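Thanks for sharing this one with me. Here are my notes, set out point by point so that you can follow them with the model open beside you.

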Amino acid sequence: MLLLLLVISLNQYFENFGVLFYICYKNTGREFTEFETKELFTRYANDVIDNCAFGLKVDSLKSKENEFFIMGKKITDVSFWFMVKYFA
């Protein structure tokens, strides 16, 4: 039963992602538009993790300066010197 609720929730997030992506495309006013797909899907993954793990409703596509997204990006940003220090 819990799995069913999780799948329904994820489906809702995917539908919202499609709608927001379409709105972003329409707001550019151009026929061809470039998007940074890594950032779009990272924001989508962030929304799914927020919902599934923490029960939060965060819309990372609408709010570009989302605190949860920024903190997650800082945590996963691994520099060269961090790797040297970690593995040395």
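1. Does Phe-69 count as buried or exposed? At 5% relative accessibility, Phe-69 counts as buried, because the cut-off for that class is under 20%. Please keep in mind throughout that this is a predicted model.

2. Here is the setting of that residue. Phe-69 is found in helix α3, which covers residues 67–76. Leaving out residues up to four places away in sequence, Phe-69 touches Thr-42, Arg-43, Asn-46 and Ser-60. Asp-59 makes a useful reference point as well: 10 residues separate it from Phe-69 in sequence, and the C-alpha to C-alpha distance is 9.7 Å.

3. Now the overall layout. The protein has four helices and zero strands, and reading along the sequence gives the pattern α-α-α-α. Of its 88 residues, 20% count as buried. The protein exposes about 7,300 Å², and carbon and sulfur atoms supply 66% of that area. Taking contacts between residues at least 6 apart in sequence, 44% join residues at least 24 apart.

4. Asn-46 is a good residue to look at next, as one of the residues touched by Phe-69. Asn-46 has its place in helix α2, residues 37–54. With 10% relative accessibility, Asn-46 counts as buried, since the class takes in values under 20%. Apart from residues up to four places away in sequence, Asn-46 touches Ser-60, Asn-66, Phe-68 and Phe-69. Ser-60 therefore appears in the contact lists of both Asn-46 and Phe-69.

5. Which residues make up the largest nonpolar core? There are six in all: Phe-17, Leu-20, Leu-40, Tyr-44, Val-48 and Leu-61. Helix α1 (2–28) and helix α2 each supply at least two residues of this core, and the largest share, three residues, comes from α2. In soluble globular proteins, nonpolar side chains tend to be buried together.

6. One core member, Leu-20, can be followed further. Setting aside neighbours within four places in sequence, Leu-20 is in contact with Asp-59, Leu-61 and Lys-62. Of these, Leu-61 is itself part of the largest nonpolar core.

7. How many salt bridges does the structure hold? The structure holds one, in which the side chains of Arg-43 and Glu-39 meet at 3.0 Å, N to O. The two residues are four apart in helix α2, so about one helical turn separates them. Side chains of opposite charge can pair when their charged atoms come close.

8. Please look at the two partners of that pair separately. Arg-43 is buried, because its relative accessible area of 3% falls under 20%. Glu-39 is partly exposed, with a relative accessible area of 29%. Arg-43 is also one of the residues that Phe-69 touches.

9. Lastly, the surface. Val-78, Phe-82, Met-83, Tyr-86 and Phe-87 make a nonpolar patch of about 550 Å². Among them, Met-83 lies in helix α4, residues 80–87. Met-83 counts as partly exposed because its relative accessibility is 35%, between the 20% and 50% cut-offs.

How values were computed:
Residues are numbered from 1 along each chain as its sequence is written. This is a predicted model: local features need pLDDT of at least 70, side-chain atom pairs count only at pLDDT 80 or more; totals for chains, interfaces and linings use all residues. Side-chain values use heavy atoms; hydrogens and water are left out. Patches are made of residues with over 30% relative accessible area and no salt bridge: like charges are joined within 9 Å, nonpolar side chains (Val, Leu, Ile, Met, Phe, Trp, Tyr) within 5 Å. Accessible areas come from the Shrake-Rupley method with a 1.4 Å probe; for residues, only the protein chains shown count as cover. A salt bridge is a side-chain nitrogen of Lys or Arg within 4 Å of a carboxyl oxygen of Asp or Glu. Buried means under 20% relative accessible area, exposed over 50%, partly exposed in between (1.4 Å probe, protein chains only). Contact means heavy atoms within 4.5 Å. A nonpolar core is a set of buried Ala, Val, Leu, Ile, Met, Phe, Trp, Tyr and Cys residues joined through side-chain atoms within 4.5 Å.
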